[in-house]
Structures are given as structure tokens and as C-alpha cells.
Amino acid sequence: MVRVTSTHRRDVLRAGAGIVAGGALTTGCGTGQAAAPPAPASPSRSPSASPSAAPAPRAYPGHPAQITHGPRTRPQVALTFHGQGDPALARALLTTAERYGARLTVLAVGSWLDEHPDLARRILDGGHDLGNHTQRHIGINSLPEAEARREITDCAERLKRLTGSIGTWFRPSRAPSASSLVARLARAAGYPHVLSYDVDSLDYTRPGAAAVTREVLTGVRDGSVVSLHFGYPDTVAALPDVLTELGRRGLRAVTTTELLS
């Protein structure tokens, strides 16, 4: 198994500008919390570069309404991130992925985009997918219909205002899959598929970088969709070893759009 080295830790912690030390706490998709100071890494494109077009959702014939994985016949995987938490951690993850030639899928929380609107364009300009992870990141499957609809459409409106598109994917908050009601509301909002996953990194439990690395690499295979989170230093520290080992196995980390295309 790949070992998380002290060199990797120093590199990613420098990219996050002291992300482990102090700061405000933010809740991820689980019950854990993450620390947070501010110092963004530089984006991969210059400010003068023309902005990326924001793709819209599309249907993938032959795939179910709730997608847990892509084709098992191609050596590709999708690393998908619940987008919430300290922006310095988010930038560090994006920068690390780009350094390794990986492309991610980010499902952003609407209230997080309200606080950090520049990150929507930062994600797209890095060549990553950007999607909808509800407005307030609450347990959407247990909400009444009208409130669940607002959770989806409010986040979609933020994404459209910031990027010109409602995003390529929808993922329910606080649940690995959507109830039939939420899946129907997502379709009505313009998302033909709900994006689930077949590998859970459990990074929101803050188990340490080595455990995050082990959890991902134990479960991943051709076509896997992996659930990870912004907002947790363990995830930043684990990503270089995850990407190195995926490369050793001949697996490319691509956007979910590419995985299914």
C-alpha cells in the first residue's frame, strides 16, 4: 500500500498555507469538521485567460437515473468532491490534482458559493466538472417536497448566475442516493441523472491521510466514482499518494462527464 510520506505532507500543507492550524470549523457531509485559515494557491490559468464555457447537464443513454459508477471496461475513475469548507483547502486540492494531470468533479453547496463565488470559475477554469450539492447541505431526503425543491433550485440558480449553467450534475446532500421524490425534483430542475458513488473515502470522519488513501485504493476499480470532500486536511494530504497509485495501476482520474462519455 502506498505510504503518505512527510515530503508529501509538507508539499500539500504549503499549498494550503497552513491549513491544519486553527481557524473556523465547517461541517462536511458526515459528522466531522475541518480547520480553516486563509491563503489561496494560485489558479492554474492566468487571470487574462478566457473563461471556460460552463457545460449543462446531459442525459447518458444506457445509464440509470442514479449513477454509481461508469463503464467497467475503461481504465478511468472519477474523483468527486462535496464542495464545502475552507477555500484554502479547496484550492490546494485543485492545484494538486492539476499538477498530477487529474480532473475532478465538484458538487458545490450553494451557500458555500455565496461566500466564495470565485471558486465556481476557479473549478471550471481548471478543467473540472461543477455541479449542484443543494443550497444548504441538509438532509434533503427527509424534507417536504416544496423545501426539497428549493434546495435544488436555489443552488442551481447560484450556479447559473456564476457560470451560465446549472452545472453538469446533481448529488443529494447527507445521503449517498436520492429518494424517488428528490430524484424526480432533480429531473424537473434539469438534471437527468443523480450522481452517487461506489467508493466512499470516509474522509469526513477525519481518520488520517493514510486511512483515506487506503480506503480509496482498496475499493477503486475501472469506472469507479469516489466520494471525497473539500474541507478536510486529511484529504489534501492523501491526494498525492492516491493519484500516484492510480497512475501506477494505469487508472486515469477524469471528470464524471468524461468517465461516462
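Asp114, Arg158 and Arg161 are linked in a network of salt bridges. That's a good way into this predicted model, so to speak; here are some exercises to try on it.

**Exercise 1.** Find out which helices Arg91 and Asp118 lie in, and what their salt bridge ties together.

*Solution.* Start with the contact itself: Arg91 and Asp118 form a salt bridge, with 2.5 Å between the closest N and O atoms. Next, place the two partners: Arg91 sits in helix α2 (residues 87–99) and Asp118 in helix α4 (residues 118–125), so the pair ties together parts 27 residues apart in sequence.

**Exercise 2.** Decide whether Arg91 is buried or exposed, then do the job for Asp118.

*Solution.* Buried means under 20% relative accessible area. Arg91 has 12%, so call it buried. Asp118 comes out at 41%, so it is partly exposed.

**Exercise 3.** Work out what the salt bridge between Arg122 and Glu98 links.

*Solution.* The side chains of Arg122 and Glu98 meet at 3.0 Å, N to O. Arg122 belongs to helix α4 and Glu98 to helix α2, so this pair ties together parts that are 24 residues apart in sequence. Now check burial: Arg122 is buried at 8% relative accessibility, and Glu98 is buried at 15%.

**Exercise 4.** Locate Gly231 and say how far its C-alpha atom is from that of Leu89.

*Solution.* Look in the loop between β9 (225–229) and α8 (233–248), and there's Gly231. Its relative accessible area is 1%, so Gly231 is buried. Then jump to Leu89: the two residues are 142 residues apart along the chain, yet their C-alpha atoms are separated by 5.9 Å.

Conventions:
Residues are numbered from 1 along each chain as its sequence is written. This is a predicted model: local features need pLDDT of at least 70, side-chain atom pairs count only at pLDDT 80 or more; totals for chains, interfaces and linings use all residues. Side-chain values use heavy atoms; hydrogens and water are left out. Helices (H or I, at least four residues) and strands (E, at least two) are DSSP runs, numbered from the N terminus. Buried means under 20% relative accessible area, exposed over 50%, partly exposed in between (1.4 Å probe, protein chains only). A salt bridge is a side-chain nitrogen of Lys or Arg within 4 Å of a carboxyl oxygen of Asp or Glu.
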